[in-house]
Protein chains: 2
Amino acid sequence: MGKGRVTVIDIAKAAGVSKSTVSLVLQASPLVNESTRTKVNAVMRELGYVYNRGAANLRQANARSKIIGIVVNDLTNSFFAELAVGVDTVVQSAGFVQFLSNTSESIDRQREVIASMREHGVSGLIISPARGTEAFDLKPLVMAGIPVVLVVRNIPGAKVSSLVSDNHAGTFAAVEHLAALGHSRIAFVGGFSDTAVFDERLGGYRDAMSKTSTGVRDELVVSSAPSRAGGVDALARAMTMPEPPTAAVCFNDAVAFGVCDGLRARRIEPGKDFAVVGFDDVIEAKTTVPALTTISVDPQGIGQRAAQMLLKQINAGKPEAESAVSSVRLIVRESCGAAMNKPGRKMA
Amino acid sequence: MGKGRVTVIDIAKAAGVSKSTVSLVLQASPLVNESTRTKVNAVMRELGYVYNRGAANLRQANARSKIIGIVVNDLTNSFFAELAVGVDTVVQSAGFVQFLSNTSESIDRQREVIASMREHGVSGLIISPARGTEAFDLKPLVMAGIPVVLVVRNIPGAKVSSLVSDNHAGTFAAVEHLAALGHSRIAFVGGFSDTAVFDERLGGYRDAMSKTSTGVRDELVVSSAPSRAGGVDALARAMTMPEPPTAAVCFNDAVAFGVCDGLRARRIEPGKDFAVVGFDDVIEAKTTVPALTTISVDPQGIGQRAAQMLLKQINAGKPEAESAVSSVRLIVRESCGAAMNKPGRKMA
DNA sequence: TGACAAAGTTGGAACGTTCCAAATATTAAT
DNA sequence: ATTAATATTTGGAACGTTCCAACTTTGTCA
């Protein structure tokens, strides 16, 4: 014993029934007699049977596979890690399991992992596409009728579902808030300028700025890598200007943290001498000092909602593309200087 | 067209050969004539064929499945996210794809996802077990001959491979370093006291402390959740002591960041008035201000190495359990106060 | 008792691939 | 031209499951 795996036929023999009956038991069919059912189940436990899903959904070409794939462009960014967790919770409770792959912004890698996932028979895909992904790259998927939900970054011509956050509204609100606090030289800091997300966030910033007394000033937008190091770097550039800004709306929280680091290195206290607003509301935002004022996008929530959209399409049979925008809200904490009272910490 | 999927038989018909030949082409067999090979490949491209791995490894019961599973206890912790990335890179280049699931420290969930992955036919598993996992829980896996590599947390009686970092050496080095800088009241801060990792790190701290003039003092170890918030909390408790510490060896980087937050909230400057050492060297450690002195464990490296151990076992056929400890090293940055010169930042 | 329905069970065939042994085509050697 | 060797191709059978149609058993009613 031990060599070959235990199959439904072994169970049938041991239980003195036919393989068909065992199959019915596996599917919890009401057709089978209660006594046989318990007997079969007992034998299964005894022999250590494990269901072979591969064989099962080879037979049922119609029903799909209980596997979904999620491919993200940068798993080391905790935004995506949390998004993955959100997806995981809902697919798990729907009895699915997820392939997860990281592309590190490489289109080639992305193509490979998507191909590999198809070969393994995923019944749907959640994709946060690598920079530079074209509608063309998704063509094979839609041709094959595989449901796809794009998250975070949308792709113009692709006929697939998408779920992005309301970037325009987010930065718009951030600027309004800073302006209401009396700031006028407000910078837009960080992010790669060749992405749609950047355009949207910058758009919100611009539209809000144009309603202020200062108006839009191009020198106030300084881009950089969307990372903590990028934030440090971008701030350094911003502070060399003749009239440096007094506040910054950052591309994301990582950049905002970098900006805070850079300020402190210059002996400028974020939240006191300079206002900083982030974007994303990652988990550290609320515990850092000073707590980060930011635009909350709830990455886990997006993951969950994306997973729900995907499962809906999978169950619907015919994939009906749907695009949604996830609303965002401004979370006012300390880094923008709005909280004048020093918050006391609970002590044991 | 478009309803049924394209199979190897369709290709065979269209190319005027037999399905066996097509199969040989798929496996890049040297037996097939060059001209037929190119023809078959052309037809495949034309008809949009996608390989059905499920069917394939149903046939070859011997060869395994090109899927590995990775289950972690907390994906929102960036340590694990990076570990997952490390695993991903090596399994991807070995032509594998990974299932990833998050257990959120729930044993039930862990049992479910492992069962699900088995049903899907994974050929190996990398597990960072949920708190409280017993050797018993892994029994079915080893009985079935499925290779398992435990990472981060080892489980005493389990007959599977493991790869953990040298926790004892890490905290030992941290204490030695702080003592050399002149500190004597050195606290050990954070972590749940019911885990093996905690014991090991505390052990290294204790052994090093017993060699100092102060010796081991139990009131200097204050545990907490291994998170940023936990660090804030633990520091608060530590500072209420009659003779508060002047330095802290932290359970991990998240706790260390929390300790820094807590210090700043008390107007104590980390790296100047108080020395802080972390454990893990997460990605933010080097960019934060002050840069965190910490024990580097290179999570991506661990992920890669674990994946290599697993692949080796998968290829070996018979799983030979092997346990390794990954060495760690002290990275001296600013938070311990050792760097007296203020590091200048590169400007554009 | 016979007919009929309901409940429960069952033996193939099928899913898309790989493997094997055997068949055929090609080339080289006599 | 015949044989031997080599190169290439091929038709089932098998993998573990589900589905279907048909079968057997049991119970009900006249």
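**Exercise 1. The surface near DNA strand D**

Determine how the residues of the surface near DNA strand D divide by class, and state which elements give two or more residues to this surface.

*Solution.* Step 1. In this predicted model, the surface near DNA strand D consists of 13 nonpolar, 12 polar and 4 charged residues.
Step 2. There are 29 residues around DNA strand D, and those that come nearest are A:T7, A:V8, A:S23, A:N52 and B:S18.
Step 3. Two or more residues each are given by α1 (8-15), α2 and α4 of chain A, and by α2 and α4 of chain B.

**Exercise 2. The surface near DNA strand C**

Carry out the analysis for DNA strand C: identify the nearest residues, the contributing elements and the division by class.

*Solution.* Step 1. Around DNA strand C there are 30 residues, of which A:S18, A:S20, B:T7, B:V8 and B:S23 come nearest.
Step 2. Chain A contributes two or more residues from each of α2 (19-26) and α4 (53-59), while chain B does so from α1 (8-15), α2 (19-26) and α4 (53-59).
Step 3. The division by class is 14 nonpolar, 12 polar and 4 charged residues.

**Exercise 3. The contact between chains A and B**

State how many residues each chain gives to the contact, and find which element of chain A gives the most.

*Solution.* Step 1. Chain A gives 50 residues to the contact, and chain B gives 50 residues.
Step 2. On the side of chain A that touches chain B, the elements with two or more residues are α4, α5 (78-93), β2 (97-102), α6 (107-119), α7 (135-143), α10 and α11 of chain A.
Step 3. Of these, α5(A) gives the most, with 7 residues.
Step 4. By class, this side of chain A has 24 nonpolar, 15 polar and 11 charged residues.

**Exercise 4. The overall form of chain A**

Decide whether chain A is as compact as a globule or more spread out, and give its dimensions.

*Solution.* Step 1. Chain A holds 12 helices and 12 strands.
Step 2. For 348 residues the globule rule gives 20 Å, but the radius of gyration of chain A is 26 Å, well over that value; chain A is therefore more spread out than a compact globule.
Step 3. Along the principal axes, the C-alpha atoms of chain A fill a box of roughly 85 × 55 × 35 Å.
Step 4. Of the 348 residues in chain A, 49% are buried.
Step 5. Among contacts in chain A between residues at least 6 apart in sequence, 70% join residues at least 24 apart.

**Exercise 5. The six-stranded sheet of chain A**

Describe the order of the strands in the open sheet of chain A, and locate the helices that lie against its strands.

*Solution.* Step 1. The open sheet has 6 strands in the order β7-β6-β8-β9-β10-β12 (chain A), with mixed pairing.
Step 2. Its edge strands, each of which pairs on one side only, are β7 (221-222) and β12 (329-331) of chain A.
Step 3. Strands β8 (residues 247-250) and β9 (residues 275-280) of chain A pair in the parallel sense over 3 bridges. A:A248 has A:V276 in β9(A) as its bridge partner.
Step 4. Helix α10 (residues 228-239) of chain A packs on the sheet and touches β6 (186-189), β7 and β8 of chain A; its direction makes about 145° with that of β6(A).
Step 5. Helix α11 (residues 253-265) of chain A lies across β6, β8, β9 and β10 (293-296) of chain A and runs at about 155° to β9(A).

**Exercise 6. Strand β4 of chain B**

Establish which residues of strand β4 (residues 148-151) of chain B point one way and which the other, and name the strand that pairs with β4(B).

*Solution.* Step 1. In a regular strand, side chains alternate between the two faces of the sheet.
Step 2. B:V148 and B:L150 point one way from β4(B), whereas B:V149 and B:V151 point the other way; all are buried.
Step 3. Strand β3 (residues 125-127) of chain B pairs with β4(B) in the parallel sense over 3 bridges, and B:L125 has B:V148 as its bridge partner.

**Exercise 7. Three residues in loops**

Classify A:E284, A:V152 and B:K66 as buried or exposed.

*Solution.* Step 1. The criterion for a buried residue is 20 or more other C-beta atoms within 10 Å.
Step 2. A:E284 lies in the loop between β9 and β10 of chain A. A:E284 is buried because it has 21 other C-beta atoms within 10 Å.
Step 3. A:V152 occupies the loop between β4 (148-151) and β5 (161-165) of chain A. With 25 other C-beta atoms within 10 Å, A:V152 is therefore buried. Its phi is near 70°, a positive value in a residue other than glycine.
Step 4. B:K66 is in the loop between α4 and β1 (67-72) of chain B. B:K66 counts as buried because it has 20 C-beta neighbours inside 10 Å. The phi of B:K66 is near 65°, a positive value in a residue other than glycine.

Technical notes. Residues are numbered from 1 along each chain as its sequence is written. Chains are lettered from A and ligands numbered from 1 in the order in which they are written. This is a predicted model: local features need pLDDT of at least 70, side-chain atom pairs count only at pLDDT 80 or more; totals for chains, interfaces and linings use all residues. A residue is near a molecule or strand if its C-beta atom, placed from the backbone, lies within 6 Å of it. Helices (H or I, at least four residues) and strands (E, at least two) are DSSP runs, numbered from the N terminus. Ala, Val, Leu, Ile, Met, Phe, Trp, Tyr, Cys and Pro count as nonpolar, Asp, Glu, Lys and Arg as charged, and the others, Gly among them, as polar. Two strands pair if DSSP finds at least two bridges between them. Two residues are in contact if their C-beta atoms, placed from the backbone, lie within 7 Å. Axes are lines fitted to C-alpha atoms, for helices over the stretch in contact, and angles run from 0 to 180 degrees between N-to-C directions. The radius of gyration is taken over C-alpha atoms; the globule rule is 2.2 Å times the number of residues to the power 0.38. A residue is buried if 20 or more other C-beta atoms lie within 10 Å of its own, exposed if 12 or fewer, and partly exposed in between; C-beta atoms are placed from the backbone.
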